[in-house]
Amino acid sequence: MSPVEERIAAIWREILGPDLAPGAAIGVEDDFFALGGTSMQAMALVQRLREEFGVPVGLSVVVEDATLGGLGAAVTTAGGVARS
């Protein structure tokens, strides 16, 4: 898992909170919506991605490919890097 994907997984854990099993492993093929994410949480995810990585990720990116790997690729392609 890349550093960007690791940071996105941490953001998923924050947003999904109690909807996600404690200590649940999130892999690159996991889907935000399949893990219990709602459309409102997806909007929060978009905002967090923009804040964390400083890239213009839109809701359409999440809807098109809500996998961790897909979002990591979208953030990386847009020029985002994980903060240390």
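# Close-up views of a four-helix contact region

**View 1. The buried residues of H4 pack against H1, H2 and helix H3 (59-64).** In this view, look along H4, where Leu 68, Gly 69, Gly 70, Leu 71, Gly 72 and Val 75 are buried (under 20% relative accessible area with a 1.4 Å probe, protein chains only; over 50% is exposed, and in between is partly exposed). Helices here are DSSP runs of H or I with at least four residues, numbered from the N terminus. Just past the end of H4, Gly 79 takes a positive phi of about 100°. A quick note on what you're looking at: this is a predicted model, where local features need pLDDT of at least 70 and side-chain atom pairs count only at pLDDT 80 or more, while totals for chains, interfaces and linings use all residues. Residues are numbered from 1 along each chain as its sequence is written, and side-chain values use heavy atoms, with hydrogens and water left out.

**View 2. Leu 71 sits in helix H4 and is buried, at 1% relative accessible area.** Skip its neighbours within four places in sequence, and Leu 71 still has contacts (heavy atoms within 4.5 Å) with Ile 8, Trp 12, Leu 45, Val 61, Val 62, Asp 65 and Ala 66. Val 28 is 43 residues away from Leu 71 along the chain, yet their C-alpha atoms are separated by 9.2 Å.

**View 3. Helix H1 (residues 3-16) crosses helix H4 (residues 68-77) at roughly 120°.** The two axes come within 9 Å; each is a line fitted to C-alpha atoms over the stretch in contact, with angles running from 0 to 180 degrees between N-to-C directions. That makes H1 oblique to H4, oblique being whatever is left once angles under 35 degrees (roughly parallel), over 145 (roughly antiparallel) and 65 to 115 (roughly perpendicular) are taken out. H1 passes H4 in a right-handed crossing, meaning the near helix is turned clockwise from the far one by less than a right angle. On the H1 side you'll find Val 4, Glu 5, Ile 8, Ala 9 and Trp 12, and these meet Leu 68, Gly 69, Leu 71, Gly 72, Val 75 and Thr 76 of H4. Sort the residues of this contact by class and you get seven nonpolar, three polar and one charged. Ala, Val, Leu, Ile, Met, Phe, Trp, Tyr, Cys and Pro count as nonpolar, Asp, Glu, Lys and Arg as charged, and the others, Gly among them, as polar.

**View 4. H1 also crosses H2, at roughly 140°.** Here the axes come within 10 Å, and the two helices are therefore oblique to each other. The crossing of H1 past H2 is right-handed. From H1, the contact takes in Val 4, Arg 7, Ile 8, Ile 11, Trp 12, Glu 14, Ile 15 and Leu 16, and from H2 it takes in Gln 41, Ala 44, Leu 45, Arg 48, Leu 49, Glu 52 and Phe 53. Class by class, the contact of H1 with H2 has ten nonpolar, four charged and one polar residue.

**View 5. The largest nonpolar core has 22 residues.** A core of this kind is a set of buried Ala, Val, Leu, Ile, Met, Phe, Trp, Tyr and Cys residues joined through side-chain atoms within 4.5 Å. The members that touch the most others are Ile 8, Trp 12, Phe 32, Leu 45, Leu 49, Phe 53 and Val 75. Two or more residues each come from H1, helix H2 (39-53) and H4, with H1 giving the largest share, seven residues. Zoom in on Leu 49: beyond its neighbours within four places in sequence, Leu 49 is in contact with Ile 8, Ile 11, Gly 54, Val 55, Val 57 and Val 75.

**View 6. Ala 25 and Ile 26 lie in the loop between H1 and H2.** Ala 25 is exposed, at 72% relative accessible area, whereas Ile 26 counts as buried at 6%. Apart from neighbours within four places in sequence, Ile 26 is in contact with Met 1, Ala 9, Trp 12, Arg 13, Leu 20, Leu 35 and Leu 68. From Ile 26 to Leu 45 the C-alpha distance is 16 Å, with their positions 19 residues apart in sequence. Ala 25 and Pro 56 are 27 Å apart, C-alpha to C-alpha, and 31 residues apart in sequence.

**View 7. Gly 58 is found in the loop between H2 and H3.** With a relative accessible area of 18%, Gly 58 is buried. Outside its neighbours within four places in sequence, Gly 58 is in contact with Val 46 and Arg 50. Gly 58 and Leu 45 are 13 residues apart in sequence, and 9.8 Å apart from C-alpha to C-alpha.
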